[in-house]
Amino acid sequence: MKVIIRNTAEEASLWAAHYIVSKIKAKAAVTDEPFVLGLPTGSTPLGTYQELRRMYEAGEVSFKNVITFNMDEYVGLPESHPESYHAFMHRNLFDHIDVPRENIHILNGNAPDLEAECEAYEEAILDAGGIDLFLGGIGEDGHIAFNEPFSSLQSRTRVVTLTHDTRVVNSRFFDNDWTKVPAQAMSVGVATVCNSREVLILGFGEKKARAARGGIEGPVTHTNTLSALQLVEYGTVVLDAGAAKDLDPANVAYFKAVEEAEGSAF
Ligand code: GLP
């Protein structure tokens, strides 16, 4: 695992956006195969999406040959609801870049057969050749996508029941009323994320410090699904100073030394 620490969320977001673009370009330089990108929602990726949009507008990158798979979606929330992850993704990214509409995949939380929808999603990922890079955020309890504590580390796309804490945290988007936050979601599994060729997880702010410390320095455990990243060959966590505040200073020094020795392009 690599850990990249920047002073602010803004600097960390810039790093992530430039890293993603470098990976899209690196693949395009050697093959016509599309780049398959996994994407999250939440406030954490907003700065990264903003920079990806800026880079697209400046002609620094095209998403024409990119296929996307989103991590999750609420069950039973209409797609037109402003807090559906469909609406979020179009508002914050897809409506502003040249990714072909047919290349966008987001789980349908209103599908008549949710189980079949989850199976079809896993198949679509396989058909696309697997995910090249899965970008993600972390919940305050360490969850990646909606893989709440006690999710199997072998889990695949499925319907999940949200913890009370997650509904309370996400109620800020639902009039601060946790009962308005859907009780269930569909989510790619821990194994779906971790089987990607590369995984990049962002964590910003002191509220994420406990989750970051557990996932990075603690044991691999289903009580903090970020920790499954320890089993990924190419896994990177990008933190701002707030989220990194509880890491062992000796480890932070080592993470910086690795970056310096290997050269961080951004
Ligand atoms: C939700 C999403 C996660 C996201 C998390 C953190 O639970 N399902 O994918 O990482 O929220 O959200 P935020 O980035 O707003 O802190």
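Two short exercises on a predicted model follow, one on the ligand site and one on the cysteines.

**Exercise 1. Describe the surroundings of the ligand.**

Step 1: Where does the ligand sit? It occupies the largest pocket.

Step 2: Which residues come nearest? There are 13 residues around the ligand. Ser-43, Thr-44, His-143, Arg-172 and Lys-208 come nearest.

Step 3: Sort the shell by residue type. The shell around the ligand has 4 nonpolar, 6 polar and 3 charged residues.

Step 4: List polar contacts, using a cut-off of 3.5 Å between N or O atoms. Take the side chain of His-143: one of its polar atoms is 2.8 Å from a ligand oxygen. Next comes the backbone. An N or O backbone atom of Ile-138 lies 3.4 Å from an oxygen atom of the ligand. A polar backbone atom of Ala-145 is 3.3 Å from a nitrogen atom of the ligand.

Step 5: How much of the ligand is covered? On its own, the ligand has 390 Å² of accessible area. The protein covers 93% of that area.

**Exercise 2. Decide whether Cys-118 and Cys-194 are in disulfides, and whether each is buried or exposed.**

Step 1: Recall the bond. A disulfide covalently joins the sulfur atoms of two cysteines.

Step 2: Set the cut-off. The two sulfur atoms must be within 2.5 Å.

Step 3: Apply the cut-off. The count is 0 disulfides. For Cys-118, the nearest cysteine sulfur belongs to Cys-194 and is 18 Å away. Cys-118 is therefore in no disulfide, given the 2.5 Å limit. For Cys-194, the nearest cysteine sulfur is that of Cys-118, 18 Å away, and Cys-194 is in no disulfide.

Step 4: Check burial, where buried means under 20% relative accessible area. Cys-118 has 3%, so Cys-118 is buried. Cys-194 has 17%, so Cys-194 also counts as buried.

Definitions and conventions: Residues numbered from 1 in each chain as written. Predicted model: local features only at pLDDT ≥ 70, side-chain atom pairs only at ≥ 80, totals over all residues. Heavy atoms only, no water. Near = heavy atom within 4 Å. Polar contact = N/O pair within 3.5 Å; in protein donor to acceptor, adjacent residues only side chain to side chain. Areas by Shrake-Rupley, 256 points an atom, 1.4 Å probe, with all protein chains shown as cover. 1 Å grid on protein atoms, 1.4 Å probe; cavity = no way out; pocket = protein on both sides within 12 Å on 5 of 7 lines; lining within 4 Å. Sits in = over half its atoms within 2 Å of the grid points. Nonpolar A, V, L, I, M, F, W, Y, C, P; charged D, E, K, R; others polar. Buried < 20%, exposed > 50% of the residue type's maximum accessible area, 1.4 Å probe, protein only.
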